[in-house]
Amino acid sequence: MAKLVLVRHGKSEWNKQNRFTGWVDVELAPEGIEEAKKAGKKLKDAGFAFDICFSSFLKRAIKTGIIILEELDLLWIDHLKDWRFNERFYGALTGLNKDEVKKELGEEKFLLYRRSYDVPPPPLSEDDPRHPRFDPKYKNFPVELIPSTESLKDNQIRSMAAFHEKVAPLLVEGKDVLITAHGNTIRGMVKEFDNISDEDIPKFEIATGVPRVYEFDESLHIKKVYNLD
């Protein structure tokens, strides 16, 4: 059976600062580097090997993938980047401290913006320097692809499009695939894989640096799912 392993990047510098990060390209914190190393060691001890790795365009996910592949002595395999595996874009909340936002908005609206399935935060002005259209990574992208805000549902739609286009055919061929991405990106994918309801997904957590394993048969039916924690 082909295996798909999803790993949320290790703790970032903005995770430590409790800020909404989204598409801001922040570094892994030292703790995050250690989490990625531990994830690689867990996978190695469990006998995993991969044919290909995918990451987002963001270096905290890319470096997590590199660290894991290094632990597995698999730096030679293809490591492809797809922006559709980026974290959810938090709109006007980008860069703000979560505790301060909660205090300003109240817990109900804060949780609605942060954890609901289909309610996006207020959009970020396209003239704001935080907008991704000013990031050179996306300079050649059609403007309609660059979000000003996203819900988890929006994040899920694009990440699952990447999955069906690029990952699913490899799994059907029997290839083992590693994806290093982000909390909401993986949460949206898990929602679809595990058929989690809109009401239950806000309570579902994705821990940093913990590999989540899916085993598929040749018809792409999930036969087994578990965490290496």
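## Inside a six-stranded sheet

Val 177, Ile 179 and Ala 181 point one way from strand E4, Leu 178 and Thr 180 point the other way, and all of them are buried. Here "buried" means under 20% relative accessible area, "exposed" means over 50%, and "partly exposed" is anything in between (1.4 Å probe, protein chains only). Strand E4 covers residues 177–181, and five of its five residues are buried. The names of strands (E, at least two residues) and helices (H or I, at least four residues) come from DSSP runs, numbered from the N terminus.

Before going on, a word about the model. This is a predicted model, where local features need pLDDT of at least 70 and side-chain atom pairs count only at pLDDT 80 or more, while totals for chains, interfaces and linings use all residues. Residues are numbered from 1 along each chain as its sequence is written, and side-chain values use heavy atoms, with hydrogens and water left out.

### The sheet

So what does E4 sit next to? Two strands pair if DSSP finds at least two bridges between them. Strand E1 (residues 2–8) runs parallel to E4, and five bridges join them; Val 5 has Leu 178 as its bridge partner in E4. Strand E2 (residues 52–55) is also parallel to E4, with four bridges between the two, and Ser 55 stands opposite Thr 180.

Zoom out, and you get an open sheet of six strands in the order E3-E2-E4-E1-E5-E6, with mixed pairing. E3 and E6 stand at the edges with a single partner strand each, so one side of each has no neighbour in the sheet. On average, neighbouring strands of this sheet are turned by 15 degrees against each other, direction ignored. E2 and E3 pair in the parallel sense over four bridges, and Cys 53 has His 79 as its bridge partner in E3.

Helix H3 (residues 59–71) packs on the sheet and touches E1, E2, E3 and E4, and its direction makes about 140 degrees with that of E4. Contact, by the way, means heavy atoms within 4.5 Å. Axes are lines fitted to C-alpha atoms (for helices, over the stretch in contact), and angles run from 0 to 180 degrees between N-to-C directions.

### Two helices that cross

H6 and H7 pack at an angle of about 75 degrees, with their axes 8 Å apart. That makes H6 roughly perpendicular to H7 (under 35 degrees counts as roughly parallel, over 145 as roughly antiparallel, 65 to 115 as roughly perpendicular, and the rest as oblique). Among the residues that meet are Leu 152, Asn 155 and Phe 163 in H6, and Asn 184, Thr 185 and Phe 193 in H7.

### A buried loop residue

Is Asn 86 buried or exposed? Asn 86 is buried, with a relative accessible area of 0%, and lies in the loop between strand E3 (78–81) and helix H4 (98–105). Its side chain makes a polar contact with the side chain of Tyr 138 (2.8 Å). A polar contact is a pair of N or O atoms within 3.5 Å; within protein, one must be able to donate a hydrogen and the other to accept it, and residues adjacent in sequence count only if both atoms are side-chain atoms. Leaving aside neighbours within four places in sequence, Asn 86 is in contact with residues including Trp 23, Phe 57, Asn 155 and Thr 185.

### Salt bridges

Side chains of opposite charge can pair when their charged atoms come close. A salt bridge is a side-chain nitrogen of Lys or Arg within 4 Å of a carboxyl oxygen of Asp or Glu, and the count comes to 16 salt bridges. Here are some of them:

| Acid | Base | Closest N and O atoms |
|---|---|---|
| Asp 82 | Lys 166 | 3.0 Å |
| Glu 205 | Arg 115 | 3.2 Å |
| Asp 200 | Lys 203 | 3.4 Å |

How exposed are these partners? Glu 205 is exposed at 57% relative accessibility, whereas Arg 115 is buried at 12%. Asp 82 is buried at 3%, and Lys 166 is partly exposed at 32%. Lys 203 is exposed at 59%, while Asp 200 is partly exposed at 41%. Salt bridges that share partners join Asp 82, Arg 84, Glu 165 and Lys 166 into one network.
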